[in-house]
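Subject: The two-chain model, with notes

Hi,

Here is the model I promised to send over. Please open it beside this message, so that you can look up each place as you read.

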Amino acid sequence: MITRLEDKDLKRQSRRQLLKLAPVAALGIFAFPKVSDRLVEAGVHFSDWAAGVLFRTQHRAQTFADSEVVPFEKFPYNGYDVLDPEVDLENWTLTVEGDVQRPGEYKLSQIQALPKLMQNTRHVCVEGWDVIGAFGGTPISNFLTLVGANTGARFLEVECADDYYESIDMASALHPQSLLCYEMYGEPLDRKHGAPLRLQMPTKLGYKQAKYLETIRVTSVLKPGKTGYWEDQGYSWFGGL
Amino acid sequence: MGNGEGNNNEGRNQEEMSKEGGQDAGSPLESVMSAKADGAEGPAVESAEAKVDEPVLVRAAYEHPLPIRLTHWVNAISLFVMVASGLRIFRAFPSFGPKIPEKVLLDIPKSLTLGGWLGGALQWHFTFMWFFAASGILYLAYQVGSGHYRTVLFTPRDIAGVWPMARHYFFFGPKPPASGQYNPLQKLAYTSTIGFGVLSLLTGIVLYKPAQFSWLAFLFGGFHLTRIWHFAAMCGFLSFIPGHLIMVALHGWSNFVSMLSGWKREPEYQE
């Protein structure tokens with residue numbers, strides 16, 4: 001729609017309209033690294049909050065036929081440091097601490113005595129690749145019942161033989177496909193895949209699937225700066241899929 | 001706003017002249033609005049005097065309403081961040097094939113990326129995805145709600161006009177007459193970017209939460225293919241942006257300013 005205006009009126013109106021765009025300039029704050037570091041961290045926290053709201057404990061991740069599973073040799077070994085922390089498998093026990101009725105040391109045979117679940121699910125790495133693997137273990141929820149955990153607590157923390165550490169939300173821990181995994185491809189976990197016990201959760205990214213478990217702690221408080229090896233460096237804590 | 005008719009404005013201008021010019025320095029809106037009231041008395045003023053130095057009226061059009069300008073710039077900034085951080089994320093696994101063996105598809109120079117490392121890039125990506133989504137949704141809601149989308153939406157009627165315009169731009173063909181705010185080629189380009197935006201947002205949701213949005217992942221042909229669509233949407237944006245910037249540069253300052261102030265001075269088209 002064409003209008004005819006005096007030059008000075010056009011200039012004034014243009015200025016007024018330009019000023020209304022001022023809020024956009026607020027995004028310029030992201031140009032300052034010191035501020036933007038904090039802001040993008042806050043952005044990830046907000047996204048994690050949204051991810052927690054979206055998460056449905058009863059919504060199952062896709063499972064696959066045996067024919068869709070990648071060959072064992074094509075399932076990558078991934079670790080942040082050493083791939084084989086030389087766990088003493090003979091004398092290994094899992095230490096259970098925190099908000100549980102029966103803390104203490106648990107043997108692998110006690111975990112293997114719980115109902116077993118085998119599943120072919122997708123393992124998704126934060127880097128962008130994914131593989132479909134075959135996993136076997138017991139749902140974490142079974143083990144939490146065994147140790148008398150307070151499932152009203154908010155988090156599960158784990159510590160690993162390679163000094164890796166992780167924490168996950170209770171809703172994800174109680175997901176029916178979240179496993180304490182002791183088998184891959186029908187064989188006991190090999191050392192580089194986390195023997196004797198690892199987390200395996202098809203609703204979480206790879207870096208949440210801690211290997212070589214040594215300690216599990218049920219808690220409602222996470223120590224700041226001690227929520228997970230990669231998370232403490234900037235990865236999303238929720239890390240959900 | 002500001003669509004006072006030429007005649008009325010002239011009437012007011014004459015009046016102003018007779019008061020020995022330009023003393024009422026009220027707000028521009030007031031002066032434009034008062035033009036209507038003054039208009040009625042306009043003819044009474046002696047026109048001989050007024051004609052001495054009648055102020056020149058500028059043809060102008062309020063092309064871009066505030067929501068459009070706001071979302072355009074928020075979108076421009078977020079798109080820059082999403083592409084630069086997205087390329088850094090892609091560097092972590094620059095392939096669409098299997099992890100073993102990994103074939104590097106593209107080695108994107110670090111200097112073109114944002115975030116410093118995968119974790120940093122993800123932080124930028126996960127922050128600006130909200131700005132990108134919010135501005136996109138606000139833009140679409142405004143376009144549909146106001147009916148303004150008709151100026152931008154590419155429809156079958158525009159098909160015939162694409163080739164003459166492309167011939168003019170790329171092969172020095174004759175310039176087709178301007179028919180409206182946007183020519184058919186512009187409509188095609190802008191409508192495509194809306195498509196790229198919707199595609200990048202939906203595929204982004206799948207890549208972010210493939211298990212929660214398994215139905216959406218299924219629609220895009222699974223996780224793997226979704227990653228390719230997501231990348232393709234970015235390529236779409238990257239193919240649009242240089243052309244867009246070149247056209248803005250070629251069309252001059254007043255065209256560029258119109259996306260800041262909304263007002264375009266001396267538009268090419270009539271009515």
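Below is what I found, going from chain A to the contact between the chains and then to chain B.

Please keep in mind throughout that this is a predicted model.

**Chain A as a whole**

Chain A contains 6 helices and 11 strands. Its radius of gyration is 24 Å, well over the 18 Å that the globule rule gives for 241 residues, so chain A is more spread out than a compact globule. You can see this in the C-alpha trace too, which spans about 90 × 40 × 35 Å along its principal axes.

**Strands β4, β5 and β8 of chain A**

A good place to start is β5 of chain A (residues 130–139), since it pairs with β4(A) and also with β8(A). Strand β4(A) covers residues 117–124 and runs antiparallel to β5(A), with 8 bridges joining the two. If you want one pair to look for, A:Thr121 has A:Gly133 in β5(A) as its bridge partner. These two strands form a hairpin with 5 residues between them, and A:Gly128 in the turn has a positive phi of about 120°.

Strand β8(A), residues 179–184, is also antiparallel to β5(A), this time through 5 bridges. Here A:Thr138 stands opposite A:Leu180 of β8(A).

**Where the chains meet**

How many residues of each chain are in contact with the other chain? The count is 50 residues of chain A and 51 residues of chain B. On the chain A side, β1, α1 (7–19), α3 (33–54), β4 and β5 each supply at least two of the residues that touch chain B. Sorted by class, that side has 24 nonpolar, 14 polar and 12 charged residues.

Two parts of this meeting are worth a visit. One is a sheet built from both chains: an open sheet of 3 strands in the order β1(A)-β1(B)-β2(B), with antiparallel pairing. Its edge strands are β1 of chain A (2–6) and β2 of chain B (263–265), each of which pairs on one side only. Neighbouring strands in this sheet are turned by 40° against each other on average, direction ignored. Between the chains, β1(A) and β1(B) are joined by 5 bridges, and A:Thr3 stands opposite B:Ala60. Within chain B, β1 (residues 57–62) pairs with β2(B) over 3 bridges, where B:Ala61 faces B:Lys264 as its opposite number.

The other part is a helix crossing. The axes of α3(A) and α5(B) (residues 118–146) come within 8 Å and cross at roughly 70°. That angle makes α3(A) roughly perpendicular to α5(B), and the crossing is left-handed. From α3(A), the contact uses A:Leu39, A:Val40, A:Glu41, A:Gly43, A:Val44 and A:Ser47, while α5(B) brings B:Gln123, B:Trp124, B:Phe126, B:Thr127 and B:Trp130. By class, this contact has 6 nonpolar, 4 polar and 1 charged residues.

**A helix pair inside chain B**

Chain B has a crossing of its own to look at. Helix α4(B) (residues 66–92) and helix α9(B) (residues 223–251) have axes that come within 11 Å and cross at roughly 125°. That makes α4(B) oblique to α9(B), and α4(B) passes α9(B) in a left-handed crossing. The contact is made by B:Leu79, B:Val83 and B:Gly86 on α4(B) and by B:Met234, B:Phe237 and B:Leu238 on α9(B). Of these residues, 5 are nonpolar, 1 is polar and none is charged.

**Backbone details to check**

Most residues other than glycine have a negative phi, and most peptide bonds are trans. Three places are therefore worth a look against that background:

- A:Ala195 and A:Pro196 are joined by a cis peptide bond, with omega about 0°; A:Pro196 sits in the loop between β9 (187–188) and β10 (198–200) of chain A.
- The peptide bond from B:Ile100 to B:Pro101 is cis as well, with omega near -5°; B:Pro101 lies in the loop between α4 and α5 of chain B.
- A:Glu86 is not a glycine, yet has a positive phi of about 55°; its place is the loop between α3 and β2 (94–98) of chain A.

Happy browsing, and best wishes

Note on methods: Residues are numbered from 1 along each chain as its sequence is written. Chains are lettered from A and ligands numbered from 1 in the order in which they are written. This is a predicted model: local features need pLDDT of at least 70, side-chain atom pairs count only at pLDDT 80 or more; totals for chains, interfaces and linings use all residues. Axes are lines fitted to C-alpha atoms, for helices over the stretch in contact, and angles run from 0 to 180 degrees between N-to-C directions. Helices (H or I, at least four residues) and strands (E, at least two) are DSSP runs, numbered from the N terminus. Angles under 35 degrees count as roughly parallel, over 145 as roughly antiparallel, 65 to 115 as roughly perpendicular and the rest as oblique. A crossing is left-handed if the near helix is turned anticlockwise from the far one by less than a right angle, and right-handed if clockwise. Two residues are in contact if their C-beta atoms, placed from the backbone, lie within 7 Å. Ala, Val, Leu, Ile, Met, Phe, Trp, Tyr, Cys and Pro count as nonpolar, Asp, Glu, Lys and Arg as charged, and the others, Gly among them, as polar. Two strands pair if DSSP finds at least two bridges between them. The radius of gyration is taken over C-alpha atoms; the globule rule is 2.2 Å times the number of residues to the power 0.38.
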